[in-house]
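Here are my notes on this one, in the order I'd go through them with the model open. Have a look at the structure first, then read on.

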Amino acid sequence: MATEKYLAGEAVDIYAEIRDNNNALVAPATSVTVTITDPTGTVVVTDGAMSTSSTGIYDYYYITTVDTKYGEWRYVVTTLDTTYPAKKSGTFIIVRF
């Protein structure tokens, strides 16, 4: 899967699915959070609460501005639920517009 690119000033949609051992979507008992790091290694969101639209589907919208740093950003999605623990990481790129 290719790293998604966003223009500075756009909203970045970070999406996660929480699944059980049978690959069914589940709702963890604990919150699902995201930590986002900019290209310089500075954490800009720590344990941001993700929204859920339906069982097991989570989103976080990171709103950028025209002054947002360009380059590759990193994120980590985490749930501490002991039944459905999850940790997903990924990247996105902010480009000039």
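1. Overall make-up. Going from the N terminus, the elements run β-β-β-β-β-β-β-β. That is 8 strands and 0 helices, where strands are DSSP runs of E with at least two residues, helices are runs of H or I with at least four, and both are numbered from the N terminus. Bear in mind that this is a predicted model: local features need pLDDT of at least 70, side-chain atom pairs count only at pLDDT 80 or more, and totals for chains, interfaces and linings use all residues. Residues are numbered from 1 along each chain as its sequence is written, and side-chain values use heavy atoms, with hydrogens and water left out.

2. Dimensions and surface. The C-alpha trace spans about 40 × 20 × 20 Å along its principal axes. About 5900 Å² is exposed, with carbon and sulfur atoms supplying 51% of that (Shrake-Rupley areas, 1.4 Å probe; for residues, only the protein chains shown count as cover). Of the 97 residues, 35% are buried, and buried here means under 20% relative accessible area, against over 50% for exposed and partly exposed in between (1.4 Å probe, protein chains only). Among contacts with a separation of 6 or more, 63% are between residues 24 or more positions apart; a contact is heavy atoms within 4.5 Å.

3. The five-stranded sheet. This open sheet has 5 strands in the order S1-S8-S7-S3-S4, and the pairing is mixed (two strands pair if DSSP finds at least two bridges between them). At the edges sit S1 (4–7) and S4 (43–49), each paired on one side only. Neighbouring strands are turned by 25° against each other on average, direction ignored; the axes are lines fitted to C-alpha atoms, and angles run from 0 to 180 degrees between N-to-C directions.

4. Strand S3 and its partners. S3 runs antiparallel to S7, joined by 6 bridges, and S3 also pairs with S4 in the antiparallel sense over 4 bridges. Thr37 is a good place to see both partners: Thr37 stands opposite Arg74 in S7 and opposite Val43 in S4. Val34 faces Val77 in S7. S3 is mostly covered, with 5 of its 6 residues buried. In the S3–S4 hairpin there are 5 residues between the strands, and Gly41 takes a positive phi near 95°.

5. The three-stranded sheet. The other open sheet to check has 3 strands in the order S2-S6-S5, with antiparallel pairing. Its edge strands are S2 (11–17) and S5 (51–54), each pairing on one side only. The twist averages 30° from one strand to the next. S2 and S6 (residues 57–63) are antiparallel over 7 bridges, and Tyr15 stands opposite Asp59 in S6.

6. The core. Which residues touch the most other members of the largest nonpolar core? Of its 20 residues, they are Ile14, Val34, Ile36, Met50, Tyr60, Val77 and Phe92. A nonpolar core is a set of buried Ala, Val, Leu, Ile, Met, Phe, Trp, Tyr and Cys residues joined through side-chain atoms within 4.5 Å. S2, S3 (32–37), S6, S7 (71–79) and S8 (86–95) each give two or more residues to this core. Leaving out residues up to four places away in sequence, Met50 touches Ile14, Ala16, Val32, Thr33, Val34, Tyr58, Asp59, Tyr60 and Val77.

7. Lys88. This residue is in strand S8 and counts as partly exposed because its relative accessibility is 34%. The Lys88 side chain reaches the backbone oxygen of Tyr15 at 2.5 Å, a polar contact (N or O atoms within 3.5 Å; within protein, one must be able to donate a hydrogen and the other to accept it, and residues adjacent in sequence count only if both atoms are side-chain atoms). Beyond four places in sequence, Lys88 touches Tyr15, Ala16, Tyr75, Val76 and Val77.

8. Thr64. Buried or exposed, this Thr64? Thr64 is buried, with a relative accessible area of 4%, and lies in the loop between S6 and S7. Its side chain reaches the backbone nitrogen of Gly9 at 2.8 Å, and a polar atom of that Thr64 side chain lies 2.5 Å from the backbone oxygen of Glu10. Not counting residues up to four places away in sequence, Thr64 touches Leu7, Ala8, Gly9, Glu10, Val12 and Ile94.
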